[in-house]
Amino acid sequence: MSMKLPHAHPSPALGEEEPSPSPPPQRRPRGFASGPAASAGAGAAGPPRRRGEREREREKERTKLRERHRRAITSRMLAGLRQHGNFPLPARADMNDVLAALARAAGWTVHPDGTTFRSSNQPHLPPPPPQLGMFQVAPVETPAFINTLNSYAIGTPLDSQASALQTDDSLSPSSLDSVVAERSIKTENYGNSGSANSLNCMDNDQLLRSSAVLAGDYTKTPYIPVYASLPMGIINSHCQLVNPEGVRAELRHLKSLNVDGVVVDCWWGIVEAWIPRKYDWSGYRDLFGIIKEFKLKVQVMLSFHGCGDTGSGDVLISLPKWIMEIAKENQDIFFTDREGRRNTECLSWGIDKERVLQGRTGIEVYFDFMRSFHMEFRNLSEEGLISAIEIGLGASGDLRYPSCPEIMGWKYPGIGEFQCYDRYMQKNLRQSAVSRGHLFWARGPDNAGYYNSRPHETGFFCDGGDYDSYYGRFFLNWYSGVLIDHADQVLSLATLAFDGAEIVVKVPSIYWWYRTASHAAELTAGFYNPTNRDGYSPVLKMLKKHAVILKLVCYGPEFTVQENDEAFADLEGLTWQVMNTAWDHGLPICIESALPCLDGDMYSQILDTAKPRNDPDRHHASFFTYRQQPPFLLQRDVYFPELRTFVKCMHGEAPQNGEG
């Protein structure tokens, strides 16, 4: 009886080919190898092929998670460099941008092509003299300043810095970011380079600028005009100037501060209040005449929105009465949330091309108002009294959807709600979905939460949520596209109406939830700016086409730290992203204060934003405005010295002895 050996194959018959040995088991292909070649190898295998496809999908999801984690780490590192080191990094900086910024801060010269060499040794300069009252900054020897210098290893040779960053080539991007972050923390905590040695590595010009900033000396810095807003209640609902002598008194005080001009709100709901195309400019004509007496310039804000809480008494400004009459028959002319609640602050962008306003479209109504203003005050523009015109493009005059209305119960830091449920916006959404071949996408998200929800409480905005699905990307592209299209159309007609005048557009600072992946509050406001996408670049590219000035909002220190941990807020990171994107597009910037200036810290923050330190391209703001009622209109004796010093610093002048 013959025995069969294990795994033995019967001998082939004479003339038959010997069968080839069975191939060894194959490892599951990864990366590029998992593409067409692997698919072809799967061949006729049914269930194994499906299992392989499912595994590849899981691997793709894991890759997305690793990339999202890497981007989050990079975002925190860049925010730290911008916030604590004033590094002018681009909004989407890469490793080359970071290394170049660190090298320049250490006194090296870095050319655009990457050529890097050590600058010539600079002579030792005496320490800057302590000075300038309210703008006095901590001396060079303070631990805060030393830690700032040590955190970027300014006092160590560049070859030592390079060796500190040497890593294994096999490290993944996430691991590399972790190594860099860990090395930065160790350097900040244990660095021992002194302030004197650190400063020796700076070039002479940079050292002089740093000394001037540390001393609070803004002499010979760019001249930035300063404008102060006038209270909105000075013009009543019948377009009459309420208190001419009171206005003169306020302007007299502003003139003593050497302020360059004032900001005046021209309300659509006051000028064209009762009858379409019937414009009454009488009160503004009287106001501009008084301002002209004091030889102050005027910035005009054309406000196409209403306001119910101005902080100026019993003032209540609504949209024109004839608009409200139309709304009684057709409420879809207003922005609408998912539950059908109407926001009467401004008109829906869905009627921009719909003739529902007594035969006119929304765009035509705005153009007629702008043209009437230009015809009424053309002589003042030609004389130079009117220096700039700000165009209101949405809620509160900002370029945004009214996604966070307090009248609907919204409270900070709620994510807000999408405002696209009037029938005209829904019609636009349906057309866009049909053009993509997906009619079932013609709807708003049903899992995006409510006004006061948090991102992690929703299925749309949570990490890995529907905002990053095929449908989510389609909807957000459409939603932000309507915002861009609205601004594009209005600014095209504004350029035509004002014929060469300086035009200003304000972009809001939606900074809460900025340190989350979805940036939920920005998405509901119309800015498609999640962690993996620069949502401001398309907006600013459109603004550059119309050669406008971008206005940014600046908050006080006590406001920026409020509830930061709960809301994952990052005002500095958002501000730097928008500013760097604007400068990349060649767009000029101006600054607006959202809060009253009550101390030197607020003034210093505004100065640092308007005149960024260590900016190699010497960028600076075009002008600065108080949009809310300034404190010097309320308590002149208390705030006058500080304001006078602040204005001189903005103008690049040296304060006189005893000021500040």
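**Cavities, barrel and a buried arginine**

Mentor: The largest cavity is lined by Phe304, His305, Cys346, Leu347, Trp349, Tyr366, Gly392, Leu393, Gly394, His486 and Val490. Two elements, strand S7 (342–347) and helix H16 (470–498), give two or more residues to this lining. Please keep in mind throughout that this is a predicted model.

Trainee: How many cavities of 30 Å³ or more are there, and what is the volume of the largest cavity?

Mentor: The general idea is that rolling a probe the size of a water molecule over the atoms shows where empty space is left. In this structure the count comes to six cavities of 30 Å³ or more, and the largest cavity has a volume of about 90 Å³. By class, its lining holds seven nonpolar and four polar residues, with no charged residues.

Trainee: Which residues line the second largest cavity, and which element gives the most to that lining?

Mentor: The second largest cavity, with a volume of about 60 Å³, is lined by Leu230, Pro231, Met232, Ile234, Ile235, Val263, Val264, Asp265, Trp267, Tyr284 and Leu287. At least two residues of this lining come from each of strand S4 (261–267) and helix H11 (282–293), and S4 gives the most, with four residues. The lining divides into ten nonpolar residues, no polar ones and one charged residue.

Trainee: Turning to the strands, in what order do they close into a barrel?

Mentor: In general, strands of a sheet pair through backbone hydrogen bonds, and the pairing is either parallel or antiparallel. Here eight strands close into a barrel in the order S3-S4-S5-S8-S9-S10-S11-S12, and the pairing is parallel. From one strand to the next, the twist averages 30°.

Trainee: How many bridges join strand S5 to S8, and how many join S8 to S9?

Mentor: Strand S5 (residues 297–303) is joined to S8 by five bridges, the two running parallel, and within this pairing the bridge partner of Leu302 is Ile391 in S8. Strand S8 (residues 386–391) then pairs with S9 in the parallel sense over two bridges, and here Glu390 has Val504 of S9 as its bridge partner. Continuing along the barrel, three bridges join S9 to strand S10 (residues 549–554), again running parallel, with Lys506 standing opposite Lys551 in S10.

Trainee: Are the residues on the two faces of strand S9 buried or exposed?

Mentor: Both faces of strand S9 (residues 503–506) are covered, with Ile503 and Val505 on one side and Val504 and Lys506 on the other, all of them buried.

Trainee: Which strands does helix H13 lie across, and which does helix H21 lie across?

Mentor: Helix H13 (residues 362–376) lies across S4, S5 and S8, and runs at about 155° to S5. Helix H21 (residues 571–584) lies across S10 and strand S11 (589–593), and runs at about 165° to S10.

Trainee: Let me finish with a residue in a loop: why does Arg360 count as buried, and which residues does Arg360 touch?

Mentor: To judge burial, one compares the relative accessible area with a cut-off, and buried means under 20%. Arg360, whose place is in the loop between S7 and H13, counts as buried because its relative accessibility is 2%. Not counting residues up to four places away in sequence, Arg360 touches Glu272, Pro276, Arg277, Tyr279, Trp322, Glu354, Arg355, Val365 and Asp368.

Key
Residues are numbered from 1 along each chain as its sequence is written. This is a predicted model: local features need pLDDT of at least 70, side-chain atom pairs count only at pLDDT 80 or more; totals for chains, interfaces and linings use all residues. Side-chain values use heavy atoms; hydrogens and water are left out. Buried means under 20% relative accessible area, exposed over 50%, partly exposed in between (1.4 Å probe, protein chains only). Two strands pair if DSSP finds at least two bridges between them. On a 1 Å grid over the protein atoms alone, a cavity is a set of points where a 1.4 Å probe fits but cannot get out, and a pocket is an open set with protein on both sides within 12 Å along at least five of seven lines; lining residues have an atom within 4 Å of a point. Grid points are joined across faces, edges and corners, and a volume is the space filled by probe spheres set on the points. Ala, Val, Leu, Ile, Met, Phe, Trp, Tyr, Cys and Pro count as nonpolar, Asp, Glu, Lys and Arg as charged, and the others, Gly among them, as polar. Axes are lines fitted to C-alpha atoms, for helices over the stretch in contact, and angles run from 0 to 180 degrees between N-to-C directions. Contact means heavy atoms within 4.5 Å.
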